[in-house]
Number of protein chains: 4
Amino acid sequence: MAKKVDKEQRQAELLESAVAVFAERGYQATTMDEIAERAGVSKGMLYIYFKNKEALFGAVFRWFGQQIGELMVDAIGDIEDEVEQIRRITTLWAEVAIQQREFVPLFLDFWAAASLRGMRNDYAEDLATMYDEYRTLIIGIIERGQAKGTFRAETDARAIAYLLVGGMDGIFIQSWLAQPEHLDQLMQNAIEMLLQGITT
Amino acid sequence: MAKKVDKEQRQAELLESAVAVFAERGYQATTMDEIAERAGVSKGMLYIYFKNKEALFGAVFRWFGQQIGELMVDAIGDIEDEVEQIRRITTLWAEVAIQQREFVPLFLDFWAAASLRGMRNDYAEDLATMYDEYRTLIIGIIERGQAKGTFRAETDARAIAYLLVGGMDGIFIQSWLAQPEHLDQLMQNAIEMLLQGITT
Amino acid sequence: MAKKVDKEQRQAELLESAVAVFAERGYQATTMDEIAERAGVSKGMLYIYFKNKEALFGAVFRWFGQQIGELMVDAIGDIEDEVEQIRRITTLWAEVAIQQREFVPLFLDFWAAASLRGMRNDYAEDLATMYDEYRTLIIGIIERGQAKGTFRAETDARAIAYLLVGGMDGIFIQSWLAQPEHLDQLMQNAIEMLLQGITT
Amino acid sequence: MAKKVDKEQRQAELLESAVAVFAERGYQATTMDEIAERAGVSKGMLYIYFKNKEALFGAVFRWFGQQIGELMVDAIGDIEDEVEQIRRITTLWAEVAIQQREFVPLFLDFWAAASLRGMRNDYAEDLATMYDEYRTLIIGIIERGQAKGTFRAETDARAIAYLLVGGMDGIFIQSWLAQPEHLDQLMQNAIEMLLQGITT
DNA sequence: GATGAATGAGAGTTCATTCAT
DNA sequence: TATGAATGAACTCTCATTCAT
């Protein structure tokens, strides 16, 4: 009886349009008109599904984090060896950095948004949580590797997790700016040297 | 002839105010009124010293890059040992990340700005140049270390430079979000493990 | 769907208000606020219907040109005799100059606008086209008159058109400045003498 | 003892610079900075010689009117025949319109300025006076011609003056817009036909 | 006298958000 | 339910004018 398009699907469509426009223009330069137009709905519609522009951005933001988290978990799902798992995650990151190049500005916007606006928003918290999950994933790998004897016992798993997650983010940015020819090789080499430092 | 203060000093004052407000509010949320008020001058004054808001932001940006570059060069100036030089740079970064915590949002804004607005701006280029200099500095250290036999000959100096510079940026962000208790220790540990992988 | 009034009517209303304010104050001194207030709408509304102030002025300008063109064509519509047609056009001009006195400044602004701003605007072109049409109308009358033998064969129709159109414009301005008591009589006399020069 | 440059000469220099810039940019777009720079003096200097921007424009305006008036008087100075005098004035106008093409926008600005700002300014009055002088000059010619029998007794000298002055102004504008190839010929033809109508 | 740094009121323009239909 | 016309606060930027030096 009600409209055919169910709410969830509609929301997903709006989100998709928002992602595209935010990535193209950046948060500030993006107008609600543009998102509505891209989604093929009225502007008023956006305000039914999302409280305001910032909430829409927040939704995009969380959706993205989820996607990446899933990718990471998938990437290591069927691999036993911990060293290989670290390698896979790195490779995944390089792939994303290369293939999804157009979303880098979006990430930078996420970070910028998270760093501001004081206590009002919860971006910072969301982002922190998101990264915490990534680090926890890596810490788990390292610790399992240590239990097996693959990684040195004295390795500071938390430090490695920070360096890896941070490093990959940094390389993300750097690659966007510098566009090195063999980014994937570069990242792989970097990780190998780090692995050399922590494997037995 | 001039009225009160000399032009260079006045420009520096305005820059200082701009840095403070941009760091507090972010580029977009910052108004020229606010900067002028903070500097204790009229709004029109800003437009005498800087063509427009973006140019002012650009000036802040370049000033920052210069500061950090100088800090890095100073930090390793009187040190002979290459391993120690790497450690010093890392320590410096940690110090900056901790002590200048309020400027992290500014950097995120720099990146966000650099990633957008197409070909119009030259932030991206400036930023790329800046990071290239940092990397060149590190590559120089590694290569000198390799010549001395401190670092393994097969070490990919460029990859290390990317990981270090990117990694430090990443840790910068991560530390801002997560506020780990012993960030400096964490970074030091991470670097030690990496050094273990590349020293002979 | 639409809120209250239909778009075309709304546009016409805004145009009307704009005409009034532009005529009163001149292009530069007119503010968008003032136009909006006169129209009883918000300032933002103006920007929905017209891209910017200049575009609004351009619309006013074209609307005016159209009105006058129509008046001229109407004025000679049901008249056979060419001499009489010339007289009618002159009379019309005098009527407009007298009755629509408040719009003279607007015309002067059109001209001033057309003469400036380099290639960016197309006022000059629009204005040239508009006047070309008026001249073509007059040339047509003269030539038909020549074919009939009413006007001398050696009459330079184009020169007459220039003198008439230019002359009327000039008289327009002059009358605004000097406010002669019997402008219509004056113009009629002038035209009669010119007609004496070109009729057989 | 005092400065070498005497006040009058200085004022004339400033005026000259102002004329050039106003003609290039139009009244509104012209900045006091630009005039000062062109004159090679400080901005403050301008305000010593002219009360404000409008006063400067007014001075330019009156200076121009004077120049043209002198040109007209000179043009007919040594000519006896009234018909020829009319022809000379027309020729002069054509010459000015062609050779001083860059000043047309300035005139349009004069007119626009004169037509606005209510009672505040005296442009309108100045302009009216100026044109009145031109017309008086022409009326004088016509009347002398009538006295001699060159022009028909029933000719309305005032109407002719209006048509001529207005017509020439109009042609001025038209020529600026349309840039006809043989403007001088065109104007001459027009005047000849008019003369045919009024000569015996 | 002469300067030009400094002012600040005021303009055009944008766009997130609302709400009558 | 869905729309998109309408709002208006807020922003950037300009420039005539002043006045301390």
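Of the atoms of DNA strand E that lie within 4 Å of the protein, 64% are sugar or phosphate atoms, and the rest belong to bases. The model is predicted. In it, 32 residues surround DNA strand E, and chain A is built from nine helices and zero strands.

**Surface near DNA strand E**

- The closest residues to DNA strand E are M32(A), K43(A), Y47(A), K43(C) and Y47(C).
- Helix α3 (43-49) of each of chains A, B, C and D supplies at least two residues of the surface near DNA strand E.
- The largest share of that surface comes from α3(B), with five residues.

**Polar contacts to DNA strand E**

- An N or O atom in the side chain of K43(A) is 2.7 Å from a base oxygen of DNA strand E.
- K53(A) places a polar backbone atom 2.9 Å from a phosphate oxygen of the strand.
- In chain B, an N or O atom in the side chain of Y49(B) is 2.9 Å from a phosphate oxygen of DNA strand E.

**Chain A: fold and dimensions**

- Along the sequence, the pattern of chain A is α-α-α-α-α-α-α-α-α.
- The C-alpha atoms of chain A fill a box of roughly 60 × 40 × 35 Å along the principal axes.
- Among contacts in chain A with a separation of 6 or more, 69% are between residues 24 or more positions apart.

**Chain A: burial, surface and charge**

- Chain A has 200 residues, of which 55% count as buried.
- The chain exposes about 9600 Å², and carbon and sulfur atoms supply 50% of this area.
- Chain A carries 20 positive and 31 negative charges, and the mean positions of the two sets are 8 Å apart.

Key
Residues are numbered from 1 along each chain as its sequence is written. Chains are lettered from A and ligands numbered from 1 in the order in which they are written. This is a predicted model: local features need pLDDT of at least 70, side-chain atom pairs count only at pLDDT 80 or more; totals for chains, interfaces and linings use all residues. Side-chain values use heavy atoms; hydrogens and water are left out. Helices (H or I, at least four residues) and strands (E, at least two) are DSSP runs, numbered from the N terminus. Buried means under 20% relative accessible area, exposed over 50%, partly exposed in between (1.4 Å probe, protein chains only). Contact means heavy atoms within 4.5 Å. Accessible areas come from the Shrake-Rupley method with a 1.4 Å probe; for residues, only the protein chains shown count as cover. Lys and Arg count as positive and Asp and Glu as negative; His and the chain ends are not counted. The place of a charge is taken as NZ of Lys, CZ of Arg, CG of Asp or CD of Glu. A residue is near a molecule or strand if one of its heavy atoms lies within 4 Å of it. A polar contact is a pair of N or O atoms within 3.5 Å; within protein, one must be able to donate a hydrogen and the other to accept it, and residues adjacent in sequence count only if both atoms are side-chain atoms.
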